[in-house]
Amino acid sequence: MSSVRVLVGTRKGAFILESDGKRKKWDVRGPHFAGWEIYHMKGSPVDKDRIFVSQTSGWFGQIIQRSDDGGKTWFQPGTPAGAPTTTPEGMPMGESNKFVYDEAAAPLTTHLWYDGTQHPWEFKRVWHIEPSLSDPDTIFAGVEDAAMFRSKDGGKTWQEMSGLRGNGTGSQWAPGAGGLGLHTIIIDPSNEDRMYGAISSAGCFRTDDCCKTWKTITKGLSSLYIPDPNAEIGHCIHRIAMHPSRPNTLFMQKHWDVCRSDDAGETWYEVSGDLPSDFGFPIDVHAHEPNTVFVVPIKSDSEHYPPEGKLRVYRSKSGGMDWEPMTKGLPQENCYVNILRDAMCVDNLDDCGVYFGTTGGQVYASRDGGDSWDAIVRDLPPVLSVEVQVLQ
Amino acid sequence: MAAIRVSLPTHLKTLSHVDGEIVVEVDGAVTQRTVIDAVESKYPMLCGTIRDHVTKKRRPFIRFYACEEDLSNEDLDAPLPEAVVSGQETYFVIGAMAGG
């Protein structure tokens, strides 16, 4: 029988929630890495017991952790617990935390700062980890200040794939309120050389040659808060989602607007339709219905909570425009939490499971494609990320 | 060779799998730079957590204390007090009070 593992990153540690395939009774393990911000944790689709974690702190910087036993034990990939701390040649290990921009390949230039001046690129943290779909030792990392890194040795060492930062538009990239982070990385399962990246608040980008070159793909997006609403750069993309069976169709939750592309991001059009607010952060696609999309509307860019204090997941079964509120099991009064961009995911069981975490520390799960919801756990620290694995 | 006692903040003890103070050996001049070099050499998983990987600049919310003095902004190449060199006093790496 299948089982399910939900990986939850919070402001003060990581938690692992486990259930059998019925998804009714959950065991909660954690906190792992107590006291640290866990921006993201994600398992390899090739080896599901291999989980990578971005552990970060304003005090102590960036740490990468890895588990090879489904989260029971952890180690820094370059320096497993109890292992020698130097290589046979005497070189210090522990390189797994080192994210250094590749200045030789792309000069370390500047990006736009809040006050309109140019600001030096500075590494701050890893926002998102995306394991390869085919190789358990290859992982991509989206970092702040925005850049793509890759490890080909299971997270021991990281190299910048500088084509993104060096695509020629970097000087126009400006940080959103949360920083200049590469927060979305999607690999096309039909062609792993094709990947998508999204940066707040620069825009979205596509590579067709495995990160060597990146093209800006923002045509059709319109953002009222930038001087030229149709500018190529400056759109605050919050999240992009794709169904693996239809990789040329993308759904986007933008700062305002829910949008869709049917040509691999070449052009976009708005599908906000009858949503009560088209502001929000996460967006995801049903595991078995490529035209069924989930968003969580948030009142506004300054009021980061659900409209009317009612926590509602909105589902469109038509790929956008027509949306229905999913409320059963969710608080419908006095609810003022937010749901962050990496804090929603789906599983591929039948029926499709949908999961999201809130800044109030709840993790909600639906076992029926969004029709009804239960809180798996209620009182965690603010949730930053949620990922799910289905295990056989 | 001097044996230097170093106190790490809790989170860095966890990362380096140690309890209590650590002791690092420093050959030659005992300065803040050579002590941190020795800490990173013995516990490479701490590289980047106390100072930047490349610039070696102290992370903003890390402080260095010894002998009841804040040495955070002192010359990294200045000799540390004799009490630290002799092992009588501990060199403290501190996570600054900064909320959160």
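A residue is buried here if 20 or more other C-beta atoms lie within 10 Å of its own. By that cut-off, six of the six residues of β10(A) are buried, so the strand is largely enclosed by the rest of the structure. Keep in mind that this is a predicted model. Below is a quick tour: that strand and its partners, a four-stranded sheet and the nonpolar core in chain A, then chain B, and finally some backbone oddities.

**β10 of chain A and its partners**

- Both faces of β10(A) are covered: A:I139, A:A141 and A:V143 point one way, A:F140, A:G142 and A:E144 point the other way, and all are buried.
- That split fits a familiar rule, in that side chains of a regular strand alternate between the two faces of the sheet.
- On one pairing, β9 (residues 125-131) of chain A runs antiparallel to β10(A) over six bridges.
- On another, β10(A) and β11(A) are also antiparallel, this time over five bridges.
- β10(A) and β11(A) make a hairpin, with two residues between them.
- A:G142 is a handy landmark, since the residue turns up in both pairings: A:G142 is the bridge partner of A:H128, and A:G142 also stands opposite A:M148 in β11(A).
- The loop between β10 (139-144) and β11 (147-151) holds A:D145, and a cis peptide bond joins A:E144 to A:D145, with omega about -10°.

**A four-stranded sheet in chain A**

- Four strands line up as an open antiparallel sheet in the order β25-β26-β27-β28 of chain A.
- Its edges are β25 (344-346) and β28 (374-377), each of which pairs on one side only.
- From one strand to the next, the twist averages 25°.
- In the middle of that order, β26 (residues 354-357) and β27 (residues 363-366) of chain A pair antiparallel over four bridges.
- One of the bridges there puts A:Y355 opposite A:A365 in β27(A).

**The largest nonpolar core**

- The largest nonpolar core has 129 residues, and those touching the most other members are A:V6, A:V8, A:Y355, A:V363, A:V386 and B:V35.
- So which chains do those best-connected members come from? Chain A supplies A:V6, A:V8, A:Y355, A:V363 and A:V386, while chain B supplies B:V35.
- A:V363 is worth clicking on: leaving aside neighbours within four places in sequence, its contacts include A:V6, A:V8, A:Y355 and A:V386.
- Those four also appear among the best-connected core members.
- Other contacts of A:V363 include A:L17, A:G357, A:A375, A:I376, A:V377, A:L380 and A:V383.

**Chain B at a glance**

- Chain B has three helices and five strands, laid out along the sequence as β-α-β-α-β-β-α-β.
- A compact globule of 100 residues would have a radius of gyration near 13 Å, and chain B agrees with that at 12 Å.
- Along the principal axes, the C-alpha trace of chain B spans about 35 × 25 × 25 Å.
- Of its 100 residues, 33% count as buried.
- Among contacts in chain B between residues at least 6 apart in sequence, 56% join residues at least 24 apart.

**Helix α2 of chain B**

- The buried residues of α2 (residues 32-42) are B:Q32, B:T34, B:V35, B:I36, B:A38, B:V39 and B:E40.
- What do they pack against? The buried residues of α2(B) pack against β1 (2-7), β2, β3 (62-66) and β5 (91-95) of chain B.
- B:V35, one of those buried residues, is also the chain B name among the best-connected members of the largest nonpolar core.

**Backbone oddities in loops**

- Besides the cis bond at A:E144 and A:D145, a cis peptide bond joins A:S200 and A:S201, again with omega about -10°.
- A:S201 sits in the loop between β14 (195-200) and β15 (203-207) of chain A.
- A:C210 has a positive phi of about 50° although it is not a glycine, and its place is the loop between β15 and β16 (215-216) of chain A.
- Is A:C210 buried, exposed or partly exposed? With 16 C-beta neighbours inside 10 Å, A:C210 counts as partly exposed.
- B:H17, also not a glycine, has a positive phi of about 60°, and lies in the loop between α1 (10-16) and β2 (22-26) of chain B.
- B:H17 counts as exposed because it has 12 C-beta neighbours inside 10 Å.

Terms used. Residues are numbered from 1 along each chain as its sequence is written. Chains are lettered from A and ligands numbered from 1 in the order in which they are written. This is a predicted model: local features need pLDDT of at least 70, side-chain atom pairs count only at pLDDT 80 or more; totals for chains, interfaces and linings use all residues. Two strands pair if DSSP finds at least two bridges between them. Two residues are in contact if their C-beta atoms, placed from the backbone, lie within 7 Å. The radius of gyration is taken over C-alpha atoms; the globule rule is 2.2 Å times the number of residues to the power 0.38. Axes are lines fitted to C-alpha atoms, for helices over the stretch in contact, and angles run from 0 to 180 degrees between N-to-C directions. A nonpolar core is a set of buried Ala, Val, Leu, Ile, Met, Phe, Trp, Tyr and Cys residues joined through C-beta atoms within 7 Å.
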